[in-house]
Amino acid sequence: MAELTENNNQLFEDISLSSDDIQTRDISLSDLWLSLREGYADYGMKSGSIQLAILFYFVAALVIVLFSSGQPIRYLAFPMVAGFNLLGPIIATGYLEMSRRRQQGLPSTWRHCFNFIHTHSFAPVLALSLLMMFLYVAWLYMAELIFFGTFGDSNPESFAAFFDELFSTQHGTALIAYGNFVGFLFASSALALSVVAFPLVLDKPVTAFTAIKVSVRAVWTNTFVMAVWGVVVVALLTVGAAIFLIGLAVALPILGHATWHLYRKIVV
């Protein structure tokens with residue numbers, strides 16, 4: 001078994017593509033809207049009980065809110081929930097794989113969407129997932145630093161008291177401003193690192209590092225369109241999260257499928 005694994009790893013190294021082997025195109029806003037329509041069409045095909053994946057979001061949000069409401073870390077409740085957007089690419093991997101398989105005429109039910117675990121794609125997907133989780137933890141750490149930097153050692157006794165200070169005091173305004181700015185930096189970084197990288201490692205024999213390089217290059221050469229895409233993603237996920245994240249059962253699959261079609265328009 002060890003010899004077989006070693007041979008497979010060597011084969012992957014031999015066929016692995018570099019970032020110079022992968023060309024990217026300039027796209028327009030029309031490509032973006034078309035990708036969204038195609039993503040919605042994929043979602044509309046109802047391939048199995050795919051919405052069950054969103055149970056992760058619902059349960060995680062429930063646990064976090066219940067925990068933070070009774071602990072002196074309630075100030076992290078919003079960053080914890082908002083930061084789930086950084087984990088979205090991980091959950092969307094299943095939808096990317098379904099759209100990839102459907103485009104190739106392969107079975108694309110829920111049972112098939114994690115078949116990539118047995119292919120060369122698994123290692124780079126795992127590496128990218130760990131990177132996204134690192135960004136999530138780093139975001140929570142920064143959110144805590146911003147809170148103590150603006151509120152000092154004071155910790156509101158309840159959510160009501162916290163929201164009152166947040167919207168009626170100078171340090172509350174500072175927390176909103178700094179928090180949104182830093183959150184924007186994290187969200188932009190996550191978009192640049194993942195939007196092309198995740199579908200690329202499913203589609204071609206590349207390493208996680210190569211996929212990230214191509215993703216950053218694609219975002220850099222399509223700055224305006226990808227900025228609009230980022231706004232669309234945040235808007236849809238925010239609306240989806242508004243009803244205690246249940247709306248993500250629609251928003252996340254559509255975005256996941258649409259990301260695959262957007263990738264196919266960017267990468268040659």
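Here, a residue counts as buried when its relative accessible area is under 20%, as exposed when that area is over 50%, and as partly exposed in between. Keep those cut-offs in mind for what follows, and remember that this is a predicted model.

**Aromatic pairs**

Let's start with the rings. Searching the whole structure turns up five aromatic pairs. One of them joins F147 and F148 in an edge-to-face arrangement, with 5.3 Å centre to centre and 75 degrees between the planes. The two partners sit in contrasting surroundings: F147 is buried at a relative accessible area of 1%, whereas F148 is partly exposed at 36%. F151 comes into the picture too, since ring pairs tie F147, F148 and F151 together as a cluster.

Another pair is W260 with Y263, and this one is tilted: the centres are 5.2 Å apart and the planes make an angle of 40 degrees. How far apart are W260 and Y263 in helix α12? They are three residues apart, about one turn of the helix. An α-helix has 3.6 residues a turn, so residues three or four places apart point the same way. W260 is buried, at 1% relative accessibility, and Y263 is buried as well, with a relative accessible area of 1%.

**Helix α12**

That helix covers residues 248-266. Its 19 residues reach 26 Å from the first C-alpha to the last, close to the 27 Å expected at 1.5 Å a residue. Is α12 largely enclosed or largely open? Of its 19 residues, 17 are buried, so the helix is largely enclosed by the rest of the structure.

**Salt bridges**

On the charged side, the structure has five salt bridges. Here are three of them, with the closest N to O distance for each.

| Pair | N to O distance |
|---|---|
| E38 and K265 | 2.7 Å |
| D42 and R102 | 3.5 Å |
| K204 and D203 | 4.0 Å |

The E38 and K265 bridge links distant parts of the chain, with E38 in helix α2 (residues 29-44) and K265 in helix α12, 227 residues apart. E38 is partly exposed, at 25% relative accessible area, while K265 falls in the buried class at 16%.

Helix α2 also supplies D42, whose side chain meets that of R102. This pair again links distant parts of the chain: R102 belongs to helix α5 (residues 84-103), and 60 residues separate it from D42. Both partners are buried, D42 with a relative accessible area of 9% and R102 at 18%.

What about K204 and D203, whose side chains meet at 4.0 Å? K204 counts as buried at 18% relative accessibility, but D203 is partly exposed at 21%. Because the cut-off for buried is under 20%, these two land in separate classes: K204 at 18% and D203 at 21%. The bridging carries on beyond this pair, as D203, K204 and R264 are linked in a network of salt bridges.

**A nonpolar surface patch**

Finally, have a look at the outside. Which residues form a nonpolar patch on the surface? They are F114, I117, F122, L126, L130 and M133, and together they have about 510 Å² of accessible area. Take L126 as one of these: it lies in helix α6 (residues 122-151) and is partly exposed, with a relative accessible area of 42%.

Technical notes. Residues numbered from 1 in each chain as written. Predicted model: local features only at pLDDT ≥ 70, side-chain atom pairs only at ≥ 80, totals over all residues. Heavy atoms only, no water. Phe/Tyr/Trp six-rings, centres within 6.5 Å; stacked < 30°, edge-to-face > 60°. Buried < 20%, exposed > 50% of the residue type's maximum accessible area, 1.4 Å probe, protein only. Helix = DSSP H or I, 4+ residues; strand = E, 2+ residues; numbered from the N terminus. Expected span 1.5 Å × (residues − 1). Patch = residues over 30% accessible without salt bridge, like charges linked within 9 Å, V, L, I, M, F, W, Y side chains within 5 Å. Areas by Shrake-Rupley, 256 points an atom, 1.4 Å probe, with all protein chains shown as cover.
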